[in-house]
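Here are some notes to read alongside the model, for anyone opening it for the first time. Keep the viewer handy and take the points one by one.

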Amino acid sequence: MSENAWTASQPRRSGRRTDRGDQVIRTLWSDEKGAAGIDGTYYRLTGAKRGPFPAHALGIWLGAYGKRMLDVTGRFAGGWLPSSFAAGPEKLGEMSARVDEGAHRAGRDPAAIRRLYNISGTFAETADGSRSDLERFAGEVAPRVRELVAAERR
C-alpha cells in the first residue's frame, strides 16, 4: 500500500477503532455475568475476565478534531477536550455543533457531554507560571469565559 493510500484511509480506520474501543471498554466494565467476548474487525475478546467494575460511572473523554471523530464523541463520549493549538476558538462552534449532531443521531442529550477547552498562553512576554499568573487567570479570565459561554447558550 502506498504511503498516500495509508494516510488517506487512516483517519477513517482510527474513528472505527475508537468506536469499537469504546465498546470493548464498556463490555469489560459491565456487570454482566460470565466472560466477555467480542468478535470484531479491530478488537477480539474471547473469555476475557470482566472488571474491575468502576465504583461510579466513568466517562470516556476524547480530544477529537475531525468530522468523524467529533461524531464519535457525540455518540459515545462523556466529554470532549480539544486543545487550542489544534482548534482555535473560531473553529469551536462548528466542531461543537458536530458533537451535538452525533449525540442527537445516537438519541443522546448533547448537554450530557461535558466540554472543556485546553488552552495555553501568557499574560506577558515570558511565562513563569507564577502565583500571580494563576490568580489573574482564576480571578479574571475564567469568570469572563463563563459569562461569555452562558450568554452564547442563551
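1. Let's start with Val141. Is it buried or exposed? Neither, quite: Val141 has a relative accessibility of 25% and counts as partly exposed, because buried would need a value under 20% and exposed one over 50%. This residue sits in helix 4. If you set aside neighbours within four places in sequence, Val141 is in contact with Phe123 and Arg136. Do bear in mind, here and below, that you're looking at a predicted model.

2. While you're on helix 4, have a look along its length. The helix covers residues 131-153, which makes 23 residues, and at 1.5 Å a residue it should span 33 Å. The C-alpha atoms at its ends are 32 Å apart, so the two values agree. There is a bend to look for as well: helix 4 has a kink of about 35 degrees, centred on Phe137.

3. Helix 4 turns up again at the largest pocket. Which residues lie nearest the centre of that pocket? They are Arg115, Tyr117, Val145, Val149 and Arg153, out of a lining of 25 residues. The elements that give two or more residues to this lining are helix 3 (89-105), strand 5 and helix 4. Helix 4 gives the most, with 9 residues. As for the space inside, the largest pocket holds about 1,100 Å³.

4. Now step back to the whole chain. The protein chain has 4 helices and 5 strands, and if you read along the sequence they come in the pattern α-β-β-β-α-β-α-β-α. Of its 154 residues, 27% count as buried. Among contacts with a separation of 6 or more, 48% are between residues 24 or more positions apart.

5. Next, the open sheet. It is formed by 3 strands in the order 3-4-5, with parallel pairing. Which strands are at the edges? Strand 3 (61-62) and strand 5 (114-115) are, as each of them pairs on one side only. Strand 4, residues 79-80, pairs with strand 5 in the parallel sense over 2 bridges. To find one of the positions involved, look at Gly79: its bridge partner in strand 5 is Arg114.

6. Strands 1 and 2 are worth a separate look. Strand 1 (residues 36-39) and strand 2 (residues 44-48) run antiparallel and are joined by 3 bridges. A hairpin of 4 residues links the two. For the pairing itself, Ala36 stands opposite Ala48, while Ile38 has Leu45 as its bridge partner. In a regular strand, side chains alternate between the two faces of the sheet. Strand 1 has a covered face with Ala36 and Ile38, and an uncovered face with Gly37 and Asp39.

7. Thr73 is a good place to look at packing. It belongs to helix 2, residues 67-76. How much of Thr73 is accessible? Its relative accessible area is 0%, so Thr73 is buried. Beyond its neighbours within four places in sequence, Thr73 is in contact with Leu62, Ala64, Gly79, Trp80, Val99, Arg108 and Ile113.

8. One of those contacts, Ala64, deserves its own visit. Ala64 lies in the loop between strand 3 and helix 2. At a relative accessible area of 4%, Ala64 is buried. With neighbours within four places left aside, its contacts are Met69, Leu70, Thr73, Trp80, Pro82 and Met95. Take Met95 from that list: it is 31 residues away from Ala64 along the chain, yet their C-alpha atoms are separated by 9.1 Å.

9. Last, Met69, which is among the contacts of Ala64. Met69 is found in helix 2. Its relative accessibility is 18%, and Met69 counts as buried because the cut-off is under 20%. Try locating Arg98 from here too: Met69 and Arg98 are 29 residues apart along the chain, and their C-alpha atoms are separated by 9.4 Å.

How values were computed:
Residues are numbered from 1 along each chain as its sequence is written. This is a predicted model: local features need pLDDT of at least 70, side-chain atom pairs count only at pLDDT 80 or more; totals for chains, interfaces and linings use all residues. Side-chain values use heavy atoms; hydrogens and water are left out. Two strands pair if DSSP finds at least two bridges between them. Buried means under 20% relative accessible area, exposed over 50%, partly exposed in between (1.4 Å probe, protein chains only). Contact means heavy atoms within 4.5 Å. The expected span of a helix is 1.5 Å times one less than its number of residues. The bend at a residue is the angle between axes fitted to the seven residues ending there and the seven starting there. On a 1 Å grid over the protein atoms alone, a cavity is a set of points where a 1.4 Å probe fits but cannot get out, and a pocket is an open set with protein on both sides within 12 Å along at least five of seven lines; lining residues have an atom within 4 Å of a point. Grid points are joined across faces, edges and corners, and a volume is the space filled by probe spheres set on the points.
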